[in-house]
Structure formats: C-alpha cells, structure tokens
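Subject: Structure for you to look over

Hello,

I am passing on the structure we talked about, with notes on what turned up in it. Please read them with the model open.

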Amino acid sequence: MRNDILATGVAAIIAGAFVVAGASGVYAQAKKPAPLELKGDAAARPWKRYPGWPAADYSKYNTLGNLASAPAPKEPRKIVGPVTGDAANGAKLVADRTRGGSCLACHVMGPAGNADLPGNVAPDLSEIGNAGREDEWLYNYVFDARVYNPETVMPPWGSHGFFSEAEIKDIVAFLKTLKSPAVFKTALDNPEKRPPPVEKRDNLDPIENPGMWAVDKGQELWKEKSAAGFSCNTCHSDPAASFKTWAASMPKWEPWLEKVLGVEEFVTRHAKATTGADWPMETDSNRAMSVYLHFLANGTPIKVDTASAEAKAAIARGVELSKRKVGALNMACTDCHGIAVNHWIRGQWMGEPKGQYDHFPTWRTSLLAIWDIRQRFQWCSVNIRGDELPPDSKEYGDLELYLASQNEGLKLSVPGIRH
Amino acid sequence: MAETPKIRVPKTAKKGEIVEIKTLLPHIMESGQRKDKDGKTIPRKIINKFVAEFNGKPVFSANIEPAIAANPYMQFFAKVDESGTFKFTWTDDDGSVTTAEEKITVA
Amino acid sequence: MRHLSRRAALALGAGSAAITLVGWNGGAFATPQAAADDIAKFTGGATPEKGKISIELPEIAENGNTVPLSFAVDAPMTDADHVSDVLVVAEGNPNPGVATFHFTALSGKAEASTRIRLATTQNIVVVAKTSGGKFYTAQKLVKVTIGGCGG
C-alpha cells in the first residue's frame, strides 16, 4: 500500500502531462491501483513481423482482429466423369510440407512420405481407395471441405490457393490408389503407438535452462536507475516479498484502458508512468522483467479474476475468439487445442490448454529465445498463414485471460523450457 | 565481454571419490552452416575446445564440432585423491579463451 | 568485442526464428560413408568391436537443436589401462563430426554427457579407444520430429 502511494507520487512528479490511472483516485476498488501510462501503445506501431519469420502478407484472410476471408462456396464443384490425374505427383504433393504442412500433418496416408511420422488428428486414409467415394466428393473434400461440413478442421486447400485444380486432381488420383494399411518403418512412426513427450528437465536450473539469464537480467534492471533517477527499487525495495503472488493473478481487466493487461504490458505502462524506463513489449528488457516477476511468484497457483462482470465479458470474448477460423489454413485455436488435443499433428503432440500457460514466458530450445505468451499467440497465427496482431492487442488480452482461467490452480514455473 | 560459465563441482569429497562435474558456457555456437535471409552463409563461430584440469593434470577434454548445441554443456567425472583446484578452459574459434576455477576439499 | 555477448547471442536467436528452427539449412549432408571415413581415421583402419558402450539418446527428439547425449564405456580407468578417447559422429548432419572426448585415469569413469545438434533423423555412432589400442563401438538411431505446420 505504502509503496503504491509513493509510486503514484513519483509518477506525478516525473510523468508530467501523462494521464496516470489512479492519480484521481476514482477506482471503485479496495486497493489503490498502480500508476499506468494510459497513452500510446505498449508495443511497436505499425507492428512489424519479427525478422526471420515468414514475410508473407495474409491480409486476405481472417485474423483475430478482423474478418476478411471470402465466404465458403455453397455448392460442390461439378466433376463430370472419373478424375484422371498424375497419382505419382499426388503422392508427392500430399507430403509437401511447404504447402501448409502437408496432408500427413493430420492423416496417415499409406506409403506417402515414407509414412514418416504422420499425424492422427484426422481419419487414416490408407484405405480410402476402397471406400467407394465418388471422385466429385474426393475432389471437393480437398478443394474446400466446407461444402460438406461448415465447421471442418480441413483447410480449404483449393479455395485458399494452396493447390491448383490440376494438383487436386493429382491428389484425388493418388487417394484412389490407397487400398491397404500403412506400413511403418518403426513403431514411433505410427501415431497410435508413438509415446507422448515427457518434459523432465528442471527448468529452474541454469545449467538445464539457458533462459534463466532473464532472471539475472530482471534483477539488474530492477535496480537500474532511469534518466529521472528512479528504479523499480525506489518503491519496491523487497520484490521477493511484495511480488510473491502478483504474477499469478495476471492478466487482469484494466478499466482505464478497457482491455486485459498481462504482466508484459503492465510492465511497459507502469515503468513509463513511474521511473520513465522505456520497456516496450517484445524487447529483451520487457521479457527479462516479465520472467523475473513471474519467477518471484513461482509456486503460486494461477488465480485470475474470473468473477467480475468485466472479466466474465472478456472471457466470453476470448471463448468466441478461440473459435474463430483465421488465416489461409482457416483454423481456429480450438481446432488444434480442442479437437486435436491428445493427438499428433505430424510429429508434434497437442497437449490440453491446461498446462500451456503456467510456464510462460518460456525458453525455446529450437529458437534459443524466450517467448512470452503473446509472441506464442502471434506465432500460432503466422503458422496457420494468418496475420498476427500487435502483442498488446485487446483480442490477445481476452484470449490470454481465457487461457489463464483454464490454467487456474496450476503453479507458476517460469522460465519454462520447451522445444 | 566474455560470458560467465555455469559450473557444478562438489565443495567436498572423500579421498579417491569419483565426483560429478557439470559445466555450461553461454555461447551461440554459430555452426557456419546457416544462411541469413539474403542467402549468405553466417560465418562459423564456435567453442572448439573444452579442457578440464585438476591441480594442473588433465582430467577430461573435448574437441568440439559445430554439432554441439548452443550453450555448450559438458558433464563428466573426476577422481580426486587430494584437495585442489579444477581449472576449466573454453577456446573460441576467434582465439579468445574463457577460464574458470573451482576448489574442492578432499578429506 | 571478442565475441558476441550472451545477450547479443540471445537477441540474435530471437530475431532469427525461422532460420534457427531448422538448425542447419542448405548444403550437402553427411552420409554413413563420410561417418565411416571419420571413424577409420580415428581407429587407424582397425575395425572396432561392437559393445562395451551404452548410449543414452531420446528415441524421438522434438527438435534437433539440443538433443541430450550421454555415453558410458564399460572399461577399467587405471593409469595402465583406460579409455583414452571417444569419438562421436552423426551420419546425417552436414558434417559427421560431433566431438572427440579425451579421458585419463583421473576421469574416474569413461562417461560424459553433452547436448548435440541433429539436422534430421539419423544414427549416432560412438567409438571408444583404450590406452591399450583397443576399439569399441555402438550406435543409436534418433528420430527428429517433423513439425505439423511446415513452412
């Protein structure tokens, strides 16, 4: 309490003309709120995709912030007579990972791709050639399965331009050759027998987890004086005591900004309003502070506000957003993290949403980088060939609160370590 | 600025005991096999040698290729018959050397 | 600056997601023959005997960027007779060499662990040499996972 009041005072001195939440004391809350910079964005604008990520423009397709995808066709395309295509080329196309991940991501397909680690989200098609399906049905199911099932997980491969009409005919010709069960070279290749990955590394051991650098860096930044002569330590001189549980209560609805703030955006806005430090989201300083603040609350069960009217409304929006089909692959969060849960997407195991939040920000061994949850959201979007939103977008806030609510009770363990 | 290695050596041991040692040096281990977005090869820059000595005598060493992961990690053992000092040395492709020492008391 | 600071290295990692994801890109890959050539150089042409070495590697690795590898050679570690060198090669990397480890009687055990990079599903071969000039070998296959969304 005392610290918060002091912080407001500091902010009033150094923030000048900034609008500081709480300075006017009009919150209908028991605790005096921490000062926050309310103007401007907490991340770079215009948002630019990270270097090294696919640079493609997906603006023709839905995002979590915008509906842009063309409507699904109403009727199947007429196919007269049997489809004749190049089955050998079809066999190559279904395993071509550059075309949105390939059919093998979800289907076992007999010998295609040497039956190397296929997924099992969708039916095994190894004997589809015996199923008596009409060529028109096969063609349209690949071209745009929504004409048969509006909610299908199957991406509209033809409508969204992943494959040409001729290529889809080659794929249909290949499907018609599939008449016997897949033969796997090793038991691991069979998704029905592949054991789910088990994470056994001690993520809080610096020799196991290189991401622990961020805890050291966060501690340094805590005491680093800003140009105005203030540091976090000016007001929070015993962070281990005063932040023992805080991060486990985030994200939280912020009435002045009318959106859900996670730890990362809170850090950006609170630092600006108090010490004046410039720690925008998705910079190393911000990541380090977020990791450190989560680290201080490690072991605390996640418990976010889900009871207030504002939180309930935000979670309801998060639920809706999680069902929105986005990107050229036309997939929703719930397609992978609902329908596909406890299945393999090619060689990747899809865990339940519970367990996908308690370790963020997390060290990624495949990337040698720390990702916070918003960057993870962004990568999901880009990975399904959709434009990401800026990390401080309201939509990601709603989604984060919904995800945190699904992880309630799990103890924070940050930085995590994942592949 | 050279980075600080992370090292685990027991503080004490019995005479003749075989102790476990773990070391990690933060380092990107640029393989020389990757290309940047303009298609140019990113030059190799790795730790190519790691040496562990005890009281000046060789205990364990490794000649390292780019196939060792970033932040090179080494776990190995040492038989200690006397108190003394472990010295660890990492050699970079650019010739720079990082060293660290850890003492152990043998009773 | 003598070398990239850790934070610079980390920042570089953060900024190069797609290229780092694969670990390696482009270029020719090693073959079992290239690995065998490295082994022949190590043994001076002698054919190593199978056995005496246990290798710990995951059967399946979620990515090839940091795969834990441990090996242990079942052999004496005395001044007179000990494992002196252990070669590790990977048959499917751009170059087969991974590392050569050197032991002495002071090592106590001919065991070590490290973390390795694997460009793709492949065999890892470990060859041990004793101070008496004997050679032992063992190998293990690691399947490196293929991601779902391609790209």
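Helices here are DSSP runs of H or I with at least four residues, and they are numbered from the N terminus. By that count, A:Arg385 sits just after helix 12 of chain A, and its phi is positive, about 60°. Please keep in mind that this is a predicted model.

Helix 12 of chain A

This helix spans residues 373-383 and is mostly covered, with 9 of its 11 residues buried. The buried set is made up of A:Ile373, A:Arg374, A:Gln375, A:Phe377, A:Gln378, A:Trp379, A:Ser381, A:Val382 and A:Asn383. What do the buried residues of helix 12 of chain A pack against? Their partners in chain A are strand 2 (259-261), helix 9 (284-296), strand 5, strand 6 and helix 13 (394-406). At the start of the helix, A:Asp372 places a side-chain oxygen within 3.1 Å of the backbone nitrogen of A:Arg374.

The sheet with strands 5, 6 and 7

Two of those packing partners, strand 5 and strand 6 of chain A, also belong to an open sheet of 3 strands, ordered 6-5-7 with mixed pairing. Strand 6 (369-371) and strand 7 (416-418) of chain A are at the edges with a single partner strand each, so each has one side without a neighbour in the sheet. From one strand to the next, the twist averages 35°. Strand 5 of chain A covers residues 362-364, and its pairing with strand 6 of chain A is antiparallel, over 3 bridges. Within chain A, A:Arg364 stands opposite A:Ala369 of strand 6.

Backbone points to check in chain A

There are two cis peptide bonds to look at, each leading into a proline. One joins A:Arg45 and A:Pro46, with omega about -10°; A:Pro46 is in the loop between helix 1 (2-15) and helix 2 (87-93) of chain A. Another joins A:Met250 and A:Pro251, where omega is about 5°. A:Pro251 lies in the loop that runs between helix 7 (239-242) and strand 1 (252-254) of chain A.

Positive phi also turns up at residues that are not glycine. A:Ala115 has a phi of about 50° and lies in the loop between helix 2 and helix 3 (135-144) of chain A. A:Glu258 has a phi of about 55°, and its place is the loop between strand 1 and strand 2 of chain A. Is each of these two buried or exposed? A:Ala115 has a relative accessible area of 2%, so this residue is buried, the limit being under 20%. A:Glu258 is at 51% relative accessibility and therefore counts as exposed, for which the value must be over 50%.

Chain C

For chain C I have only overall figures. Its secondary structure consists of 3 helices and 9 strands, and from the N terminus the order is α-α-α-β-β-β-β-β-β-β-β-β. Chain C has 151 residues, of which 56% count as buried. Taking contacts in chain C between residues at least 6 apart in sequence, 64% join residues at least 24 apart. The area exposed by chain C is about 6,100 Å², and 54% of this comes from carbon and sulfur atoms.

Regards

Note on methods. Residues numbered from 1 in each chain as written. Chains lettered and ligands numbered in written order. Predicted model: local features only at pLDDT ≥ 70, side-chain atom pairs only at ≥ 80, totals over all residues. Heavy atoms only, no water. Pairing = 2+ DSSP bridges. Helix = DSSP H or I, 4+ residues; strand = E, 2+ residues; numbered from the N terminus. Axes fitted to C-alpha atoms, helices over the stretch in contact; angles between N-to-C directions. Buried < 20%, exposed > 50% of the residue type's maximum accessible area, 1.4 Å probe, protein only. Contact = heavy atoms within 4.5 Å. Areas by Shrake-Rupley, 256 points an atom, 1.4 Å probe, with all protein chains shown as cover. Polar contact = N/O pair within 3.5 Å; in protein donor to acceptor, adjacent residues only side chain to side chain.
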